[in-house]
Amino acid sequence: MVDIILGLQWGDEGKGKIVDYLAGNYAIVARFQGGPNAGHTLIFDGKKYVLHTVPSGIFRSGIINLIGNGVVIDPITLQKELEAVRAHGMPFEDRLLVAKKAHLILPTHRWLDKASEAAKGKAKIGSTLKGIGPTYMDKTGRNGLRVGDLMDSNFDKKYNNLKDKHLQLLAIYPEVEFDIEGEEARWMESLSVLKQLKQVDGEYFIQNALKAGQKVLAEGAQGSMLDINFGTYPYVTSSNTLSSGVCSGLGIAPQQIGEVIGITKAYCTRVGSGPFPSELFDETGEFLRKEGQEFGATTGRPRRCGWIDIPQLKYTIMLNGVTQLVMTKVDVLNQLTEIKAACQYQVDGKMTEALPFDLEQIEHPVYCSWPGWNQDLKNINSFDGFPAPLRTYIEDMEGLLDVPIKMVSVGPDRTELIVKNAGVAV
Ligand code: GDP
Ligand code: IMO
Ligand code: MG
């Protein structure tokens, strides 16, 4: 079976931490989409690691980590990540595999990303500028280069053809600064690191593992509201971030999917442009940003903060077929006397729970409210030990969302996680 962990909001829900915790129950952890736009933070033994391309099971010994077919890879970022993993001292060379059909991000893809954003001016997506959009455009446009092409004797020719096409395209955009010679030299050098990794036919690799009875954990990147089909288009990423993306991203069939574990923060954040109905522009928003350290793991940009949004979560739970929930960053709310959630929207003067075509059509959300628990959660080691207002809040959320909350994260460290009926994570 393939279980899935994915984000139900606009990304940064804490996926990396939960994948790292659960990885030990699986033979394989596989990324199925996205690329170095992702920043997944793992904190353990007093150290912090931010993974962009490498799956978050890499620090669990004996677990295979696969960069799947649906991922786009920048070898420069990958090289840097692997240096950090190597510094940790745990060997990974025979545990990190790359699917041959994963696409490559070229330096000119990043250049195009930057130029395209500059051309959009105020309407920019707020892209991470990692070249994600242009690389997926070349994939669907059938021009892309894949990991498997690295072994082709014509690779240089293919690379130069694509680069030339990009240079022609760049002429239609405003000029932006980009050190193409330097970036190209770094890229070519970093290819040697990528080439050292074991390349596999990802679909056969996963299917053979499943046939042998092994369990696979698929690690989502970004969030469901950034999905190319059902997110807040055009302010989205360019990949399929939903559970359906696991089928196309790894080469598995729908009936091979088991649990779909959806992660939500106890509030909500968004980085980059686009609608965010429950965004807070007041001191509570500022408090959440400060207390939750809401600054991008990839770009360092301040994240926009707001209340949790029930209709939005119901929408992404529906699209993903979520079977269990994890709520993270609950500790960030410890000091608040009142905790709110958007429970309905007003659209065209009427109340609704349905997300309109464009979330900008929402006139205002209607909020429900809970009393805060006003208490530190440090020494609590079970759901039953939570303060009564927090227990009520969790039970009410389960009722509203109609999915059980199986884990509650109460701090950034690996051990700051309370698992229902099992206590503190180890
Ligand atoms: P991801 O992209 O979904 O893996 O999430 P990020 O790593 O981008 O962002 C989550 C941030 O919150 C990271 O800095 C984590 O260390 C931190 N974090 C995760 N869980 C918790 C939690 O329960 N409480 C607090 N305070 N921080 C958390
Ligand atoms: P993780 O996996 C939060 C956002 C960008 C921008 C939009 C498009 O860490 O949750 P892109 O570079 O993909 O073309 O940017 O998507 N975005 C993310 N926001 N977390 C992420 O990943 C994100 N990856 C992309 O900020 O608004
Ligand atoms: Mg992140």
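Biologist: In this predicted model, which residue in S7 stands opposite Leu66?

Modeller: Leu66 stands opposite Leu97.

Biologist: What makes S5 and S7 a pair of strands?

Modeller: Pairing takes at least two bridges. Three bridges join S5 (residues 64-67) to S7 (residues 96-99), so the two count as paired. The two strands run parallel.

Biologist: Why is strand S9 (198-200) called an edge strand?

Modeller: The open sheet has eleven strands in the order S9-S7-S5-S2-S10-S1-S11-S15-S19-S20-S21, with mixed pairing. S9 pairs on one side only, and strand S21 (423-424) is likewise an edge strand.

Biologist: Which helix lies across S1, and at what angle?

Modeller: H1 does, running at about 155° to S1. Other strands that H1 lies across include S2, strand S10 (216-219) and strand S11 (257-265).

Biologist: What makes Asp12 and Gly39 donors of the magnesium ion (ligand 3)?

Modeller: The cut-off for this metal is 2.8 Å. The OD donor of Asp12 and the O donor of Gly39 lie 2.1 to 2.2 Å from the ion, so both qualify. The pair links distant parts of the chain, 27 residues apart: Asp12 is in the loop between S1 (2-7) and H1 (15-22), Gly39 in the loop between S2 (28-31) and S3 (40-44).

Biologist: Are these two donors buried or partly exposed?

Modeller: Buried means under 20% relative accessible area. Gly39, at 10%, is therefore buried, whereas Asp12, at 22%, is partly exposed.

Biologist: Why is Asp74 called buried?

Modeller: Asp74 has 3% relative accessibility, so it falls under the 20% limit. Asp74 lies in the loop between strand S6 (72-73) and helix H2 (75-88). Not counting residues up to four places away in sequence, Asp74 touches Pro36, Ile105, Arg110 and Trp187.

Biologist: What makes the approach of the Asp74 and Arg110 side chains a polar contact?

Modeller: The side chains are joined at 3.3 Å, and the limit is 3.5 Å, so the distance condition is met.

Biologist: How do you know that Cys343 and Cys368 form a disulfide?

Modeller: Their sulfur atoms are 1.8 Å apart, and the cut-off is 2.5 Å, so the pair counts as a disulfide. Cys343 sits in strand S16 (residues 338-347) and Cys368 in strand S18 (residues 362-371), 25 residues apart. Cys343 is buried at 10% relative accessibility, while Cys368 is partly exposed at 25%.

Biologist: Why is Cys305 not in a disulfide?

Modeller: The closest cysteine sulfur, in Cys268, is 9.0 Å from that of Cys305, so the distance is too far for a bond. Cys305 is buried, at 1% relative accessibility.

Methods:
Residues numbered from 1 in each chain as written. Chains lettered and ligands numbered in written order. Predicted model: local features only at pLDDT ≥ 70, side-chain atom pairs only at ≥ 80, totals over all residues. Heavy atoms only, no water. Donors = N, O, S within 2.8 Å, 3.2 Å for Na, K, Ca; no water. Helix = DSSP H or I, 4+ residues; strand = E, 2+ residues; numbered from the N terminus. Buried < 20%, exposed > 50% of the residue type's maximum accessible area, 1.4 Å probe, protein only. Polar contact = N/O pair within 3.5 Å; in protein donor to acceptor, adjacent residues only side chain to side chain. Contact = heavy atoms within 4.5 Å. Axes fitted to C-alpha atoms, helices over the stretch in contact; angles between N-to-C directions.
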